[in-house]
Amino acid sequence: HPVINVGYMLSGSLVVEKQNGQKITIRAGDVLPELVNVTHRGLNPADEPAVILVFYAGVAGGEISKK
């Protein structure tokens, strides 16, 4: 992501893995400050959907993720 953002995990769980292999698990009720300009991915290890409310501090109409 090219801008600062934060997520609040509403339900489910998610394992966030950085490019260097470091992993953190977030669960319902957890807050996740997202990584800016760092390659990462989220993996859902459970059978239930992961629902995250994300807030971006960017410019209206600007990109929120890099391709």
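**A walk through an all-strand chain**

Modeller: Welcome! The accessible surface of the chain comes to about 4700 Å², and carbon and sulfur atoms hold 55% of that area. Please keep in mind that this is a predicted model.

Biologist: Thanks! How many helices and strands does the secondary structure of the chain have?

Modeller: Reading from the N terminus, the elements run β-β-β-β-β-β. The count for the chain is therefore zero helices and six strands.

Biologist: And which radius of gyration does the chain have, beside that of a compact globule?

Modeller: The C-alpha trace spans about 35 × 25 × 20 Å along its principal axes. With 67 residues, a compact globule would come out near 11 Å, and the chain agrees with this, at 12 Å.

Biologist: What share of the contacts between residues at least 6 apart in sequence joins residues at least 24 apart?

Modeller: A contact here means heavy atoms within 4.5 Å. Among the contacts in the chain between residues at least 6 apart, the share joining residues at least 24 apart is 67%.

Biologist: Now the surface: which element gives the most to the nonpolar patch?

Modeller: The patch is formed by Tyr8, Leu10, Val31, Val51, Leu53 and Phe55, together with about 540 Å² of accessible area. Two elements, β1 (4-11) and β6 (51-57), give two or more residues each. With three residues, the top contributor is β6.

Biologist: Is valine 31 buried or exposed?

Modeller: Valine 31 sits in strand β4, residues 31-33. The cut-off for exposed is over 50% relative accessible area. Valine 31 has 53%, so this residue is exposed.

Methods: Residues numbered from 1 in each chain as written. Predicted model: local features only at pLDDT ≥ 70, side-chain atom pairs only at ≥ 80, totals over all residues. Heavy atoms only, no water. Patch = residues over 30% accessible without salt bridge, like charges linked within 9 Å, V, L, I, M, F, W, Y side chains within 5 Å. Areas by Shrake-Rupley, 256 points an atom, 1.4 Å probe, with all protein chains shown as cover. Salt bridge = Lys/Arg side-chain N within 4 Å of Asp/Glu carboxyl O. Helix = DSSP H or I, 4+ residues; strand = E, 2+ residues; numbered from the N terminus. Buried < 20%, exposed > 50% of the residue type's maximum accessible area, 1.4 Å probe, protein only. Rg over C-alpha atoms; globule rule 2.2 N^0.38 Å.
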